Every structure is written in structure tokens, then in C-alpha cells.
Amino acid sequence: MLPVTLSALIAVPFVGGIGAWLFERRSPGTARWVALLSMATTFCMALWLWLTLSATIATTPEPVLQQRFNWIPQLGVDYHLALDGLNVLFVVLTGFLGCVAVLTSWREIKHSPGLHYLCLLTTLAGIMGVFLAFDLFLFYFFWELMLVPMYFLIGVWGHENRVRAAVKFVIFTMASSLFLLVAIIGLSYAHAQANGIFTTDYLTLLGTPLPFATARWLFFGFFVAFAVKLPLFPFHSWLPDAHTQAPTAGSILLAGLLLKTGGYGLIRFAVPLFPEAAAAYADPIAIIGVIGIIYGAVLAYGQTDIKRLIAYTSVSHMGFVVLGVSTWRLMALQGAVFQMLAHGLATGALFAIAGMIHERFHTRALDKLGGLWSKLPRLSAFTLVFVLASVGVPGMGNFIGELLTLLGSFPASPSLVVVAVAGIVLGLVVMLELVQQVLKGPAYSQARVIDLRPRELIVLGALAFLVLVLGLFPQPALKSTRLPLDQLVIRDVTFNPADPEILRGRTRTATTRTTASAKQESRP
Amino acid sequence: MSNTDLVALLPLIVVAVMGTVVMLAGAYGARRVTLHWLTILGVGIALASIVSVRPLAPRDVTPLLRIDSYSILFMTLLFSGTGILAIISHPYLRARRCAGEAYYSLLLFATFGMGVLVCSTHFASLFLGLETLTVSLYGLLAYLRTERQSLEAAIKYLILAAMASGLLLFGIALLYAATGSLVFANVTALSAEALKTAGSPEAIWAAVGVLMLIVGFAFKLALVPFHMWSPDVYQGAPAPVTALIATGSKGAVVAALLRLLSGVPADDSLLPSVLATLAILTMFGGNLLALLQTDMKRMLAYSSIAHIGYLLVAMAAGGVVGSEAVVFYLIIYVAMTLGTFGVVAVLSAKANTDIDDFNAYRGLGRRHPGLAIVLSVMMLSLAGIPPTGGFLAKFSVLSAAIAGGRTDLAIAMVLASAIAIFYYLRVLVVIYMDPKAASDASQSKANLASETSPIQATLGSPVALTALTLMVLAIGIFPEPWLEAVGAAVSSMIGS
């Protein structure tokens, strides 16, 4: 009975989406409940899997649950899903944020809600697949699959510039994914040449011996796809548009989950498959990660649109993930994963709040909002909670994530860490500005609005609860990721026995340059 | 020629006989609807006879034709395509009050030509098949003889296709002079040998002959820079005929070309580089020009040029994997292109002119949700996005390129398809998320009401389009049986 559940994590949202679409004709209400029910089922299954398997997960780095059968034998492709301590957290997060997304779009979507839920839940099914796939072909399949319904979510139900944003989103992500596809095929052929078996299975391909010149290009293919999704500094320009124009549920999915697929891909695939190439490029990657931290925060400061502002802070926060991954040490990696989870919750919540504000005042412009605290005390209190979470106040999840990332990266590149800390300060300024503008000051609009409805209260309450739980009791999540990440780190160092220092030694030479460029970035 | 040989040729014979029957029935005043059903019946019998012929394969019927799994696969594919075209054509012709006798019999004769092409192992049958196909297409293109555009397309096609045929024929003659044979296998082997002895008259004849063959095929397949006719013809032709040119005609020519090239010795270095150059030009030319179009059929014309470019990538990569990729790609290409033009034809069924302009597709998602879904699946497949067959086709071509050591071509293909995503998505934007739709919904409704609102309900078209959509999705999700069939076909072809 157990192995079925992994596929069910993908199938239930998908079937629920179809169900919502079919029930829409009966009544939009039924469609909503079907969507919520299927997402709640998925979340419960994911949670149940984690709880029942957590004891096993804590003792083994290997996948604890697998499902596998031949899919396309001619191409060496298996339908191979697996669950280990690393992806189980993302699966649970996907289930949870899926419920949040369904609930926040409860009243927002006026026009064909059934179709909206179909797109929403298909995206979620694709994201689940991305986190669970242990076959590169299958991974790519889901990786592309989640884009199309997301494209429709932005393009059909988004705000005023939705079409432009949707097209930009798809062009950026799909064009970069094509390089991933070529790299996957290239890797499989390199493996076939070395071992005579053409396969796209992740566990088999791990440790394929590659000449450095080949590995470099293949790594580049993987890296570009993940960097665009993350998004990393020069590839980020799709993100503010997509996040801003998407409907609330779409923004939550984008910020909370889609960005995480990029970080997850780096940790799971890009670096472990090409450790030497990754090590050789660790410095530049760390540097652009730090540039992203500063750049995102600086740009966020200049925004006048509340969703755009939050979107740019995402760029900044994802920079920490890249910094953590580039050093490839256990603590930094754990921090990066933790940061992704916490950021998913906090930023998802901020986007939900932005949606609630937009629903009440019909604007996202910061200068048309103000004095919310006196009018909407409950909403404002929650806003403050998530703002504090987002800037990394101790006791909240993001604090643990950032702290671990910075601690873990410090031995490798102290000066980059110093610059990154400056980024935290900038992020704090941005968020306080947001609080100042929106919650304090004179009320801009005199219209009477109601405070949080019970449904919204439940959503924000649950999110705040989880943010606090992550911050106060980080051990379960850390314990879960410890062994799988440790194994990845050890494997890659042993795979590169000549110089285990390579991962930490090099960065020092480049730091002066970074600081200079980072300063340049921060000036305008 | 024994009885068994005749039985082996049954599919071709059935198609030819049914073409004649349809023509005669038309002459005796059969109604359009009867002819339509007769055509479908003919295709059905032909497909049934393919099943009965299967045990006889592989079999050489005279030196001209060879019935093996390869030709059987392609006959199945192309005959089914003709069946779907016949179904789609009916409401289209009915709306234009065209008599159908010549149309349906020409359709069957064109199909006969395609069947001969995919079976041919000899230049004589290749040329005869090609001419049967092309001459039928002249008639079909000009079928709506009151339409200026249609006539213009027919004249353009007539001149350029005749020129291409002339080039082909001249090339064949030169190769015959150089090698003394017209059988594919002998010609390829002997001319490769002749080319090695530089300076001899045989070498010169063979070189010029090969060049002319390449140019002739490039015209037929609309490869850049020999593509100029294709957008005009696609735009001017009646939508179902455009579909026939894009799928059947190109598919059959590629199938014959692949069989011809399979005999080229593996150490030949010239051919892959020629193919690679043409592939790069065609992919980028087709996709870049498609970006500029505002007319559905023209855009699809450039898109199909680009897709033949992807096919050439696999062809240039060579080897068994390359041939398999070509065949697999072709199957999906035929399905998705038929589906796309099928939607255009169904939408054009009620109008007096074909629905070409992108504007006419605004808000299709609201007006005709079913057709919109079909068109979106086809666009996603053409763009190569999972879970459609187009993705697997692209995957297999990329695999073939990398396996054949042509990473450069793989990268070029990736860049070209990145461009292509843009214009395929534009169609989805127009269908589902037209920003102007909200503001001038009433106005556009008024414009479009006359054209498309009550599509005349025929049972056939929805069934055909649904079948194509399911096929494209099935190949994308469960490709195993298709890949197996392709593998068997290619091994039978290469073994010959």
C-alpha cells in the first residue's frame, strides 16, 4: 500500500483539479470545495508520510520510499519517484501552500473558477513531481509540465499587464529549460559511452566520470535552468513581472514553491552530478549570489507596488540559498534548505496579505495605502508578524535559515558573508519602509472595509503558526535534511579527492572584486 | 509478378481503384455526401488491407516497390491522415457549395502517389509517385476556382513544383549516366564510389546529379533557402489542402528521402555537412520568419518549414538512432499539423474565406472551448512541451544529434525552438487571454458572429480532432509502443 502514495501525491491534486473543473458547471462553490478537499488530502498524505517515516529518515541518507517501473525502455527512462529526508520537506510545504493557495483564491476568482482550480492544482501536481522525481527525464517532464498551467494562471486571471508577464515568464523559463534538456541527454550519453547503458536514472548517473570540458558544459546547462527559476541575479527580470501580475494564488505558488524548485534542483542535481565543474565555478556562483542579495534588496527599496516589493525581496532571499549551495558544506546547505522552507511560508503569507489588501482597496500602490493598523488591526498584526519573519528576526524560521547559511559559508568566504549580512540590513530597511507606508501614517482611503474573515484568519493563523514552529523548533526539519545532505557533501568531496579544500580555498582571492562590484550595485 | 505480389500491393491498388470509383460516381451524379463517405470507405478498406498485407512483409514487388514494415508504417500514417482530411473537408466544401467529385478523387490519387513514394526503392517509382502526388495537388490547390488567392497559390505551386521535378529528373538522369542503375541501393553505393575518383566524367556527373537531387528535394520540402513558395501556397490554398501539403506531401517525400539516404555509406562526410547546413538555415529561417507573421496559415507554413529543419537535424546525425528519430518525429509532426489545420478548416467551414487573421481567433476559448483545447494541445506539441508528443519527438531528435556527435546541431535546435515557443504561445494568448477582449467584447462578437458562431455540426470533425488530440497526448505519455513500431520499421528499412 505504501508505494502507491508517492504517485498519489501527484495524482490527487491533478484529479482534484479535473474534478473542480467538471463541478464548476454545477456550482462554483462545489468546485472550490473539491479543490480544497483534494489539496487537504494531499497535504495530509504528505504530512503523514513525513511523520511515519521520520524515524527512518533520521537514520538513513537513502530514499526511504520509492516507486519505480519501466516507462520508456527504448530511452532508458523509468518512472522513478523517491522520497528522502530532503524532498519530504518540500513535499509537505507544497501540500500546505497548495491549501493556502486554494483558500486565498476562494473569493478572488470571479471568472471560471473551476478552470482556475484546474490550472492551480495541475501546477501543484507538477511541482510535486519535480520534488519527487529521481529520473532526470521524469524530472524534466514535470519541470515543464508545471509551467503551462502557471502560464495560464498568470495570463488569464492575472492583473492589468498579465499577458506580457505570462509570456515573459514562459519564455525565460522554457528557453533556459531547453539547455537543461540538452544537458540531460548529454549526460546520459556520456554515461552510455562509459558504462554501455543508456539511462536517465538519477542514482545511476551520479558519479558518472566525465572529462572536465564536458562536465563544464553539462553543468552550465543544468545551472542556467535552475538559476533562471531561482532566480539568480542576471536572470531575474521575469520574476517581478510574473509575481506582480499573477493572481494571489499564483503569486503564492511562484514565490513559495516554484522558486524552490530551482534551489532544490541545484542541491539535488546540478552540483552532485557535476561536482568538479561546480567546485571550479563555486566562486563566481557565490559572488552572483551575494550580488543578488544586495541587488534585490536595493531594487525592492525603490518599488511603489506592494507585490513588486515583495518579489524583489525574494530575489534577495534566494541569493542566500545560492551562497549556501556554492560553499557546499553541510551547515550551509541545511541553512539553504531551511531558508527556502521559511521563505516559502513567510513570502507566501505576504503575498496572501497583498491579495487581501488588493481585494479591499483595489490597489497595490504603496502610496495609496496607509493607516491600516487603525482600520484593520488583525490584518496589520499578521502583516507585522510576517514582515518580521521575512527580515529574519530570531524566533522565526528565516532567522535559522540565514544564520545557518552564513555560519556555514563563513569559513569558505568570510568577506562574502560580510557583504551578505549588509544585505540583511538592507532587507530590514525595505520591510520597515513597507510597514511604515502601509500600516502606519494617515489613512489614505476612507472607505469602510471589513477586517479578516474567518477563512482568512485561519489561513494566516496557520502560516504564522508554522513560521513560529520552524523558528522555535527547527530540529525536526534539520534532522530530516541532515543525512541526505551530508551524504551529498561527502560523496562530492570523495569524488574530488585531490583537493577537498577546493570548495573553500578559492573564494578568498575573488572577494575584493566582489565587494567592489557589490558596492557599485548598491549605489544607484 | 505473382499473385502474392499483387496482394502485397493491395493497399495501393485499393486507393487507386477507389479514386477512380469516386470520380465515376461523381460523373454519374452522386451527391457530395455520398462521395465523402465513399472516400472514407476507400481509406478504410485500404487500411484494412494493410493489416492483411502485414504478414507478407518484407517483400520486394518488382525492383520498383518494397513492402516492408517501414512502408507499412508510413502507409498507415498517411492513409489515416487522408481519412481525417476527408472528414474535415466535408463541412468545408459544403459551406462553399463546391461539388466534391474531383476533390475527393484527387485526394485519393494524391494519397496513391504518397503510398508509391513511401514504398519506392527505385528512382522510377520515386519520380512517378512524386508526380502523381504533385499533379493531384495542382488540381486540389486550384479547387476553389473563384478564389483569387487559391488560384495564385496553384500557379505558384505549379511553376515551382514543375521546376523542382525537372531538377530531380535531370539529377536522376545524371546519376543514371554515372552509375548505370536506378535502384536506390546501387545508385548510392556506386555514386559514392564515383565521387571518390575525382576528375573522371562519372564523378562530375554524379556530383552534379547529387546537387540537383538535393535542390529538387529542398524545393519539395521547402527548405530554406528554397522555401519561398511555401507561405504563399499555404495561405492561398483551401485549409484542408494546406493540411495535405504540410503533412502528407512532406511526410511521404521525407520517407522516400530517408530510404534513399539510408544507402549512403556511413563514412561519407559531404552529405551530413550539407544536411546540417540546410538544417540550421531551415530551423532559424523558419522560426525567425514565423515570428513576423500575423496570419495563421502563413505562420504555420513557416513553423512547418522549421519542423522539417528539426527532421534534418536527425537526418544529419545519421545512424539507426537518427533514422528512428526522423520517423518518430514525422509521425508526431503529421498528427499535430493535421490537428492544427483541422481546427483552421473547421473554423473556416462556415465562412466564405479561410480564417487566417490572428484577430479572428480572439476569444476562441470562450466561443468554442473544444476547438480551443485542441488548438492549444497542438500548439504545445508544436512547441515541444510535455506532456505532448512534440516533446518526445524533440527529445528523440536531440538524442540522435548528441548520439551522432552533432552537439552543435543540438544546440542550434535548442536555440531555434526557444524562438519558436514565442509564436506558438502567441496563439494561446490570442485564444485565451486577449487583453482587448474585455473592452470590445460586444464589438468582436458582432464581427465574429457571422463568421464562426454556429459551426455547422457534423459528427466527423469533432471525432477526428479528438482522435488527433488523444494521439498527440498518448504519444507524449505512453510512447513505448510507438517507439517500438518505429524501431521495427527502421530496422526493416535499413536491413533491405
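## A two-chain predicted model

For a chain of 524 residues, a compact globule would have a radius of gyration near 24 Å, and chain A, at 22 Å, agrees with that. Please keep in mind that this is a predicted model. The picture for chain B is similar in kind: 496 residues would give a compact globule a radius of gyration near 23 Å, and the 22 Å of chain B agrees.

### The two chains in outline

Here are some overall values for each chain.

| Chain | Helices and strands | Box along the principal axes | Buried residues | Contacts joining residues at least 24 apart, among those at least 6 apart in sequence |
|---|---|---|---|---|
| Chain A | 23 helices and two strands | roughly 70 × 55 × 45 Å | 62% of 524 residues | 80% |
| Chain B | 21 helices and two strands | roughly 75 × 55 × 40 Å | 60% of 496 residues | 79% |

### Where the chains meet

Let us turn to the contact between the chains. Chain A gives 24 residues to the contact, and chain B gives 24 residues as well. On the side of chain A that touches chain B, the elements that supply two or more residues are α5 (136–145), α6 (147–157) and α7 (162–195) of chain A. Of these, α7(A) brings the largest share, with 14 residues. Sorted by class, this side of chain A holds 19 nonpolar residues, three polar ones and two charged ones.

### The hairpin of chain A

The two strands of chain A are worth a visit next. Strand β1 (residues 65–72) of chain A runs antiparallel to β2(A), and seven bridges join them. One of the pairings links A:Phe69 with A:Tyr79, its bridge partner in β2(A). Four residues lie between the strands of this hairpin, where A:Gly76 adopts a positive phi near 65 degrees. As for its surroundings, strand β2 (residues 77–83) of chain A is mostly covered, with five of its seven residues buried.

### A helix of chain B with a buried face

Helix α20 of chain B makes a good example to follow by eye. This helix covers residues 460–477, and at 1.5 Å a residue its 18 residues should span 26 Å; the C-alpha atoms at its ends are 26 Å apart, so the two agree.

Which residues of α20(B) are buried? They are B:Ser461, B:Ala464, B:Leu465, B:Leu468, B:Thr469, B:Met471, B:Val472, B:Ile475 and B:Gly476. Looking down the axis of α20(B), these buried residues fall within an arc of 155 degrees, so they line one face of the helix. The face turned away from that buried side carries B:Val463 and B:Leu470, which are exposed.

What do the buried residues of α20(B) pack against? Their partners are α4 (69–95), α14 (319–348), α16 (369–383), α17 (389–403) and α21 (480–495) of chain B.

### Backbone details in the loops

A few peptide bonds and phi angles deserve a closer look. In chain A, a cis peptide bond joins A:Leu230 and A:Pro231, with omega about -5 degrees. A:Pro231 sits in the loop between α9 (212–229) and α10 (238–245) of chain A.

Chain B has a cis peptide bond between B:Val224 and B:Pro225, where omega is about 5 degrees. The loop that holds B:Pro225 connects α9 (201–221) and α10 (229–236) of chain B.

B:Ala222 is also placed in the loop between α9 and α10 of chain B. This residue is not a glycine, although its phi is positive, at about 55 degrees. Is B:Ala222 buried or exposed? B:Ala222 is buried, because 26 other C-beta atoms lie within 10 Å, where 20 or more are needed to count as buried.

B:Arg97 is another residue other than glycine with a positive phi, here near 55 degrees. B:Arg97 belongs to the loop between α4 and α5 (101–119) of chain B. Its surroundings are described by a count of 7 other C-beta atoms within 10 Å, so B:Arg97 is exposed, the limit for exposed residues being 12 or fewer.

Terms used
Residues numbered from 1 in each chain as written. Chains lettered and ligands numbered in written order. Predicted model: local features only at pLDDT ≥ 70, side-chain atom pairs only at ≥ 80, totals over all residues. Contact = placed C-beta atoms within 7 Å. Nonpolar A, V, L, I, M, F, W, Y, C, P; charged D, E, K, R; others polar. Expected span 1.5 Å × (residues − 1). Arc of directions from axis to C-beta. Rg over C-alpha atoms; globule rule 2.2 N^0.38 Å. Pairing = 2+ DSSP bridges.
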